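Visitor: Please take one part of this model and look at it closely. I would like to see how the pieces around it fit together.

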Amino acid sequence: MSMYFELGDETLWNPSNGAGRLFMRQVEVFEAELGLPSGIGQGKYWGDPDTLAVDPVAYAEFVRGLVAWHCGTSHSVILALSEGFAATAVALARRAGIEVETPASEADQAWGGVRRDVQVPGNARVSSAAVVDALDTRAREVDRWMAR
């Protein structure tokens, strides 16, 4: 069995049920964290939980907020917890034709202009540019693994 993430009549991603369920559970977590709807919902076959429609306008806002949030932290644990999901979300967005820009400067990266999570002791491991590069690289890798 598998799930279908669709934009109109185009299948963007056809993951196994396990991968699809895990992704959707993480969508719920990040919708709550960001305070943004994902734009992923019931597909054209009402009553079929394995077919999900992607609203490109809402999903674009969600993914852009997610990327800004992810790239706006230097907290190693938060980065580790969110990188895989963020990369998968970016890959799905790119398949939907959504342009996802990575933050260009340190000032652009703080979600809502405030860094809420500070790592103690300080994190010398990552720079903001390294986080942006890692996310882009990971999204490209994940895209190669995502079945259509």
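**Strand pairing and the packing around it**

Guide: Start at one rung of the sheet: E6 stands opposite A53 in β4. Keep in mind that this is a predicted model. E6 and A53 belong to a longer match. Strand β1, residues 4–7, is joined to β4 by three bridges, and the two strands run parallel.

Strand β1 has another partner. It pairs with β2 in the antiparallel sense, again over three bridges. One of the pairs here is L7 with E10, its bridge partner in β2. The hairpin of β1 and β2 leaves two residues between the strands, and in it G8 takes a positive phi near 65 degrees.

Now place these strands in the chain. There are four strands and five helices. Along the sequence they follow the pattern β-β-α-β-β-α-α-α-α. Of the contacts with a separation of 6 or more, 66% link residues 24 or more positions apart.

Next, the nonpolar core. A53 leads there by way of I40. I40 touches A53 and its β4 companions L52 and V54. It also touches F5, F23, M24, V27, Y59 and L92; residues up to four places away in sequence are not counted. I40 is one of the residues that touch the most other members of the largest nonpolar core, which has 40 residues. The others in that group are F5, F23, Y59, V63 and L92. Two or more residues each come from β2 (10–13), α1, β4 (51–54), α2 (56–71), α3 and α5 (128–145). Helix α3 gives the largest share, ten residues. Across the chain, 45% of the 148 residues count as buried.

F23 and L92 also take us to a helix contact. In α1, F23, Q26, V27 and F30 meet S82, F85, T88, A89 and L92 in α3. The residues of this contact divide into six nonpolar, three polar and no charged. How do the two helices cross? Helix α1, residues 17–34, and helix α3, residues 76–95, pack at an angle of about 105 degrees. Their axes are 11 Å apart. An angle of 65 to 115 degrees counts as roughly perpendicular, and α1 and α3 are therefore roughly perpendicular to each other.

To retrace the path: E6 faces A53 across the pairing. A53 touches I40. I40 touches both F23 and L92, and these two residues take part in the contact of α1 with α3.

Key: Residues numbered from 1 in each chain as written. Predicted model: local features only at pLDDT ≥ 70, side-chain atom pairs only at ≥ 80, totals over all residues. Heavy atoms only, no water. Axes fitted to C-alpha atoms, helices over the stretch in contact; angles between N-to-C directions. Parallel < 35°, antiparallel > 145°, perpendicular 65-115°, else oblique. Contact = heavy atoms within 4.5 Å. Nonpolar A, V, L, I, M, F, W, Y, C, P; charged D, E, K, R; others polar. Core = buried A, V, L, I, M, F, W, Y, C linked by side-chain atoms within 4.5 Å. Buried < 20%, exposed > 50% of the residue type's maximum accessible area, 1.4 Å probe, protein only. Pairing = 2+ DSSP bridges.
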